[in-house]
Amino acid sequence: MPAGLHVTRGLDDLSLPASLAGYRRTDGARSRQWPRPGHALVHESSIVHAGVSFFGPVLVGPQCELGPHAAIYGPTVVESGSYLGPSAEIRRSLLLAGAEAAHMSYVGHSVLGRDVRLGAFFCAAVRNLRRGTVHLLRDGVLTDTGEVTLGCVIADGTQTGVHATVMPGRRIVATPVVPAGAIVTRNC
């Protein structure tokens, strides 16, 4: 099983304690579209701007900043020093230390490496057009993941320009810069 798929499936088991020293608790909002219940634990050193919404279990580490009207759907972990711009949306993802998603970006069912910088309006597509399960190309073989929604894996230090889109189940591990307006349809 590819590492990114293993990580996103592992997030499904995320269980947060009711409280944690150095963290403030925020009860999650309810949603018919996102039925995963839970609360958020946000480190006291992190900045949470007005209008940020949490749905389901979310853990936000130290020195993060969550821009106005950002929405985070759990199970999600946002590691230290990460930044979500205004109106960014994150769903069932792992953002490693220093990851940044600029304003109006969507990151779903994905893994962002350390110090990844996503330009404004980035989109990690999570469903295929047939609405079936997502397939991965690995070692030249197309493999069914069994997942109906699966985003992308982006390696440490990668940067994307504005309006970049990554198709479901793709990996960006060898390309340090994805140009503005790019549509990533193959692993790169």
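Asp115 lies in the loop between strand S14 (111–112) and strand S15 (117–118), and that's where we'll start. Before you dig in, note that this is a predicted model, where local features need pLDDT of at least 70, side-chain atom pairs count only at pLDDT 80 or more, and totals for chains, interfaces and linings use all residues. Residues are numbered from 1 along each chain as its sequence is written, and side-chain values use heavy atoms, with hydrogens and water left out.

**Exercise 1. Find what is unusual about the backbone of Asp115, then decide whether Asp115 is buried, partly exposed or exposed.**

Step 1: Check the backbone angle. Asp115 isn't a glycine, yet its phi is positive, at about 55°.

Step 2: Get the cut-offs straight. Buried means under 20% relative accessible area, exposed means over 50%, and partly exposed is in between (1.4 Å probe, protein chains only).

Step 3: Apply them. Asp115 has a relative accessible area of 40%, so it is partly exposed.

Step 4: Look for a charged partner. Asp115 forms a salt bridge (a side-chain nitrogen of Lys or Arg within 4 Å of a carboxyl oxygen of Asp or Glu) with Arg117, and their closest N and O atoms are 4.0 Å apart. Arg117 is partly exposed as well, at 29% relative accessibility.

Step 5: Now for a network elsewhere. Arg9, Asp12, Arg36, Arg92 and Glu147 are joined into one network by salt bridges that share partners.

**Exercise 2. Work out which parts of the chain the salt bridge between Glu147 and Arg92 ties together.**

Step 1: Start with the distance. The closest N and O atoms of Glu147 and Arg92 are 3.3 Å apart.

Step 2: Place both residues. Glu147 sits in the loop between strand S18 (141–144) and strand S19 (153–154), while Arg92 sits in the loop between strand S10 (89–91) and strand S11 (94–95), so the pair ties together parts that are 55 residues apart in sequence.

Step 3: Check the exposure. Both Glu147 and Arg92 are buried.

Step 4: Try another pair. Asp27 and Arg25 meet through their side chains in a salt bridge of 2.8 Å, N to O. Here Asp27 is exposed at 55% relative accessible area, and Arg25 is partly exposed at 42%.

Step 5: Step back. Across the whole structure, a search turns up nine salt bridges.

**Exercise 3. Describe Met104 and Ser105 in terms of their loop and their exposure.**

Step 1: Find the loop. Ser105 lies between strand S12 (100–101) and strand S13 (106–108), and Met104 is found in the loop between S12 and S13 too.

Step 2: Look at Met104. Its phi is positive, about 60°, although Met104 is not a glycine. Met104 is partly exposed, with a relative accessible area of 45%.

Step 3: Turn to Ser105. Ser105 is buried, with a relative accessible area of 2%.

Step 4: List the neighbours of Ser105. Skip those within four places in sequence, and its contacts (heavy atoms within 4.5 Å) include Ser87, Glu89, Gly119 and Phe122.

**Exercise 4. Find out whether the peptide bond from Gly74 to Pro75 is cis or trans.**

Step 1: Read the omega angle. Omega is near 10°, and the bond is cis.

Step 2: Place the proline. Pro75 is in the loop between strand S7 (71–73) and strand S8 (76–78).

**Exercise 5. Sum up the whole chain: its elements, its radius of gyration and its buried share.**

Step 1: Count the elements. You'll find one helix and 24 strands; helices (H or I, at least four residues) and strands (E, at least two) are DSSP runs, numbered from the N terminus.

Step 2: Test the overall shape. The radius of gyration is taken over C-alpha atoms, and the globule rule is 2.2 Å times the number of residues to the power 0.38. For 188 residues, a compact globule would come out near 16 Å, and the chain has 16 Å, which agrees.

Step 3: Add the dimensions. The C-alpha trace spans about 45 × 30 × 25 Å along its principal axes.

Step 4: Finish with burial. Of the 188 residues, 46% are buried.
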